[in-house]
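Biologist: I have a chain on my screen and a few labels I would like to understand. Could you walk me through the reasoning behind them?

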Amino acid sequence: MDTISFLNEYKSGQRNFQGVTLHQVKLTKAKLIGVNLSEADLSGADLSEANLSKCNLARANLTNADLSQADLHSANLSEVNLIGADLMKANLVDANLSRADLRGANLMSANLLRANLSEAEMSGAVLNGANLHAANLIGSNIIESEFNDTELAEAIITELEMTGEILHMGLSHQWITWAGSY
């Protein structure tokens, strides 16, 4: 589906775009409040400054997507693939990122107030200056993540996350394409 078709359907009242392919779509500053993009392919998409509050992005592929300064307040991002995504200054207040794959994601200065990051894969993520006040990090892999000047007051985290003693089983890697595969 191309950008114009997608936006026209959204404007006509369509809100269910489950499984749609919008690879490298340009939706800068788009207002898509409450849209269902679960299991959608939004890899490489430009969603910078977009309003995606209360959206369902569960199990979506947002690999290398630009979500900088996007509003994802109260969005469902469970089991989403955000490998290498740019979420700099994104609003993720009350967002559900449980079991999300955030390897190498840029979350600098992101607002993750009360976000659910339980069992998230966050190795190599950059969270410098982020607000993780009262966020749930139980079962998350935060080894090799950057937390300089990060607000962690009242964050729910145990020594297991800090020492890397969590065994991560069952993480979905359905969006990974292996080099040389047929």
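Biologist: Why is E39 called partly exposed?
Modeller: In this predicted model, E39 has a relative accessible area of 33%. Buried would need a value under 20%, and exposed one over 50%. The 33% of E39 falls in between, so partly exposed is the label.

Biologist: Where is E39 found?
Modeller: E39 is in the loop between α1 (3–11) and α2 (159–163). Its phi is positive, about 60°, although E39 is not a glycine.

Biologist: What makes K89 partly exposed?
Modeller: The relative accessible area of K89 is 48%. Exposed means over 50% and buried means under 20%, so K89 with its 48% counts as partly exposed. K89 also has a place in the loop between α1 and α2, and a positive phi of about 60° without being a glycine.

Biologist: How do you know that the charged end of R15 sits over the ring of Y10?
Modeller: The charged end of R15 is 3.7 Å from the centre of the Y10 ring. The distance limit is 6 Å, and the charge must also lie within 35 degrees of the ring normal. The distance of 3.7 Å meets the first limit, and the pair is listed as a charge over a ring, so it has passed the rule.

Biologist: And how many helices and strands does the chain have?
Modeller: There are two helices and zero strands. Of the 182 residues in the chain, 46% are buried, which means that their relative accessible area is under 20%.

Note on methods. Residues are numbered from 1 along each chain as its sequence is written. This is a predicted model: local features need pLDDT of at least 70, side-chain atom pairs count only at pLDDT 80 or more; totals for chains, interfaces and linings use all residues. Side-chain values use heavy atoms; hydrogens and water are left out. Helices (H or I, at least four residues) and strands (E, at least two) are DSSP runs, numbered from the N terminus. Buried means under 20% relative accessible area, exposed over 50%, partly exposed in between (1.4 Å probe, protein chains only).
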